[in-house]
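Here are some short exercises on strands and their neighbours. Keep the structure open beside you and try each task before reading its solution.

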Amino acid sequence: MTRSLAHPTRTVALAVLGGAALAAPLFTAPAHAAPAPSPAPSVRAQATDAAEQRRVLRFWTAERMRSATPMEKLFKPRNVTRSEVRRGLAKVVPPVSVRSIPNGGSQWTGGGRVVTTAGRVFFTYQGRTASCSGDAVTSANKSTVMTAGHCVKLEGSWHTNWVFVPGYDNGNRPHGTWTAARTLATPQWTATEDINYDVGAAVVNPLNGQRLTDVVGAQGIAFNQPRGQNMYSFGYPAAAPYDGSRLIYCSGRTINDFLGSQAMGLRCNMTGGSSGGPWFLNFNEGTGTGVQNSVNSFKYNLPFLNAYMFGPYFGTDAQNVYNQAQNS
């Protein structure tokens, strides 16, 4: 059995746990449990002064963005074991009506806030330009973007020249290019690239005197939520049959990964470049708003599972990344 991050190009063998082709029981948090102490998220400074911000903006020409390689083509994930994702107190979010469930991967034409909060992420990884996806979320600093851990750091190296382009549309940047002041990842991802904790974030610099979510709006975010719910996933897949030019979405009821991780799965044909794109609970198609509760992370190279995208469970460690980002 093999698995790849977001789309197969390079793969890694994993041990099958148990061998039964059935989803594991839904995981629920004890209502009385307080969050266990967790190590602090890892942080890397990016473009922290005006001269560096100008340099990064000059670097990302339209041609470099078009030619950026989907991140999933540049690495292979490490072996993982089924580890317990840290949990905190659960919070139930009331559902809203949905219409386009299920959907396996189509261009989003519904409009709403998601077309401005979701965007492409570009960075340099080991001397190569690469791309992922991300989403602007409600935050104290109005400057926080959530993405995948491998979209900020991989194989011991933090990505550089990191920028977020909200609302990217076929080469157009209607809301500007936002340079990162710092990027963050869970300590588990930083230390061992544990796929259960493939969560990252960025704090972006102001642009033209304005902060990110004052310009593009923000999505909600939630942690320690019940599994097995209907969710919507968004991203900018850039590997065939997609080209990174449009915002694509999938929707449906999530399953639990019953093989090598504690991730959640969603039937979805998005490919490389979509990593880091948001998963929403309670997504309202009319307003394009929801509550972010995961990110696109990886796919398995297995006939019976390659139709599914998997995303990490947003537990306490993901929440710590968000909290440190929004308060920095």
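Two strands count as paired if DSSP finds at least two bridges between them. Please keep in mind that this is a predicted model.

**Exercise 1. A strand with two neighbours**

Task: Work out which residues stand opposite Val163 in S12 and in S11's other partner, S6.

Solution:
- Start with strand S6, residues 118-125, which is joined to S11 by five bridges and runs antiparallel to S11.
- On that side, Phe122 stands opposite Val163 of S11.
- Now turn to strand S12, residues 178-185, which is joined to S11 by two bridges, again in an antiparallel arrangement.
- Here Val163 stands opposite Thr179 of S12.
- So the residues to mark are Phe122 and, in S12, Thr179.

**Exercise 2. Enclosed or open?**

Task: Decide why strand S11 counts as largely enclosed by the rest of the structure.

Solution:
- Locate S11 at residues 160-166.
- Apply the cut-off: a residue is buried when its relative accessible area is under 20%.
- Six of the seven residues in S11 are buried, and therefore the strand is largely enclosed by the rest of the structure.

**Exercise 3. A three-stranded sheet and its edge**

Task: Trace the open sheet that contains S17, S18 and S22, and name its edge strands.

Solution:
- The strand order is S17-S18-S22, and the pairing is antiparallel.
- The edges are S17 and S22 (308-311), each of which pairs on one side only.
- Between S18 (residues 264-267) and S22 there are four bridges, in the antiparallel sense.
- As a landmark on this pair, find Gly265, which stands opposite Phe310 in S22.

**Exercise 4. One residue in an edge strand**

Task: Is Asn256 buried or exposed, and which side chain does the side chain of Asn256 contact?

Solution:
- Asn256 belongs to strand S17, residues 255-256.
- Its relative accessibility is 6%, and because of this value Asn256 counts as buried.
- The side chain of Asn256 makes a polar contact of 3.1 Å with the side chain of Arg227.

**Exercise 5. A six-stranded sheet**

Task: Give the strand order of the open sheet that has mixed pairing, then find the bridge partner of Asn103.

Solution:
- The six strands follow the order S5-S16-S15-S19-S20-S14.
- Its edge strands are S5 (103-107) and S14 (220-221), each pairing on one side only.
- S5 is joined by three bridges to S16 (residues 248-253), and these two strands run antiparallel.
- Within S16, Ser251 is the bridge partner of Asn103.

Notes. Residues numbered from 1 in each chain as written. Predicted model: local features only at pLDDT ≥ 70, side-chain atom pairs only at ≥ 80, totals over all residues. Heavy atoms only, no water. Buried < 20%, exposed > 50% of the residue type's maximum accessible area, 1.4 Å probe, protein only. Polar contact = N/O pair within 3.5 Å; in protein donor to acceptor, adjacent residues only side chain to side chain.
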